[in-house]
Amino acid sequence: MDPIEEKTSKTVDIYRDTWVRFLGYANEVGEAFRALVPKSFVWGSYAVATVYVTADAVDKGKKAAVAHGDNPGKTTRVAVAVVDTFVWQALASVIIPGFTINRVCAASLHLLGKTTKLPLPVRKWTTTAIGLSTIPFIISPIDRGVDYLLDASIRKVYNEEEKHE
């Protein structure tokens, strides 16, 4: 099959293949702006990212339910799809990147305060720019790390359960 035909025939996953994916990065943006905005904005960005994670997990559960029809073990496979997606997304889209950007921004604000005489507003905007510019560089390593973590832990449990069905 021609690679172009193959690409166009692939089903589009709204949570992974469209602009909706960027909602998963809302909390990283919130963390980057933490020095400039009220805390409620930052918490709101986490709410957006958490809704994205939950919606993706529910979507994957519905797709697993359709794929397994009335087959034995359907409930287990749906539960695995939901849990695996939710845990992966929570770690790779919210928890680890949010913590990473928070620490990058905190460290940069601290270092700018210790090493420069820039006014506080300039240091805060610089910190935000550093945080925002860090986001593209952390996505792939975090995704790969979470894949490795889940493959070495809970996915082993899923695979063992599937063998016994």
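The structure holds four aromatic pairs. The model is a predicted one, and two of its ring pairs make a convenient starting point. A pair of aromatic rings is described by the distance of the centres and the angle of the planes. For Phe22 and Tyr25, the centres are 6.2 Å apart and the planes make an angle of 50°, a geometry that counts as tilted. The two partners sit in unlike surroundings. Phe22 is exposed, because its relative accessibility is 59% and the cut-off for exposed is over 50%. Tyr25 has a relative accessible area of 13% and is therefore buried, the cut-off here being under 20%.

Another pair joins Phe33 and Trp125. Their ring centres are 6.4 Å apart and the planes stand at 85°, so this pair is edge-to-face. How far apart in the chain are the two residues of this pair? They are 92 residues apart, and the pair links distant parts of the chain. Phe33 belongs to the loop between helix 3 (26-32) and helix 4 (39-68), while Trp125 belongs to helix 6. Phe33 is partly exposed, with 21% relative accessibility. Trp125 is exposed, at 54%.

Helix 6, which carries Trp125, is the next stop. This helix has 32 residues. From its first C-alpha to its last it reaches 44 Å, close to the 46 Å expected at 1.5 Å a residue. Helix 6 also has a kink of about 40° at Ile138, and the proline Pro141 follows shortly after. The buried residues of helix 6 include Arg123, Thr127, Thr128, Gly131, Thr134 and Ile135 in its earlier part. Ile138, where the kink lies, is also buried, as are Ile142, Asp143, Val146 and Leu150.

Thr128 can be taken as one example from helix 6. Is Thr128 buried or exposed? Its relative accessibility is 1%, so Thr128 counts as buried. Setting aside residues up to four places away in sequence, Thr128 touches Ala32, Phe33 and Leu36. Phe33 is thus a contact of Thr128 as well as the ring partner of Trp125. Thr128 and Val29 are 99 residues apart in sequence, yet their C-alpha atoms are 8.7 Å apart in space.

Helix 6 also contributes to the nonpolar interior. The largest nonpolar core has 13 residues. Those with the most contacts inside it are Trp88, Ala92, Ile101, Ile142, Val146 and Leu150. Two or more residues of this core come from each of helix 5 (74-115) and helix 6 (120-151). Which helix gives the largest share of this core? Helix 6 does, with six residues. For a closer view of one member, take Leu150. Apart from residues up to four places away in sequence, Leu150 touches Asp84, Val87, Trp88, Leu91, Arg155 and Lys156. Another core lies apart from the largest one and has nine residues, among them Val20, Val42, Tyr46 and Ala90.

Helix 4 offers three residues for comparison of surroundings. Ser45 lies in this helix. With a relative accessible area of 6%, Ser45 is buried. A polar atom of the Ser45 side chain lies 2.5 Å from the backbone oxygen of Val42, and Val42 is one of the residues of the nine-residue core. Beyond its neighbours within four places in sequence, Ser45 is in contact with Ala26, Asn27 and Gly30.

Phe41 is also found in helix 4. Its relative accessibility is 41%, so Phe41 is partly exposed. Residues up to four places away in sequence aside, Phe41 touches Gly30 and Phe33. Gly30 is also a contact of Ser45, and Phe33 is also a contact of Thr128. Phe41 and Ala79 are 38 residues apart in sequence, and their C-alpha atoms are 33 Å apart in space.

Val48 is the last of the three, again in helix 4. It is partly exposed, with a relative accessible area of 36%. Neighbours within four places in sequence left aside, Val48 is in contact with Leu23 and Ala26, and Ala26 is a contact of Ser45 too. The C-alpha atoms of Val48 and Val83 are separated by 19 Å, the two residues being 35 apart along the chain.

Technical notes. Residues numbered from 1 in each chain as written. Predicted model: local features only at pLDDT ≥ 70, side-chain atom pairs only at ≥ 80, totals over all residues. Heavy atoms only, no water. Core = buried A, V, L, I, M, F, W, Y, C linked by side-chain atoms within 4.5 Å. Buried < 20%, exposed > 50% of the residue type's maximum accessible area, 1.4 Å probe, protein only. Helix = DSSP H or I, 4+ residues; strand = E, 2+ residues; numbered from the N terminus. Contact = heavy atoms within 4.5 Å. Phe/Tyr/Trp six-rings, centres within 6.5 Å; stacked < 30°, edge-to-face > 60°. Polar contact = N/O pair within 3.5 Å; in protein donor to acceptor, adjacent residues only side chain to side chain. Expected span 1.5 Å × (residues − 1). Bend = angle between axes of the 7 residues up to and from the residue.
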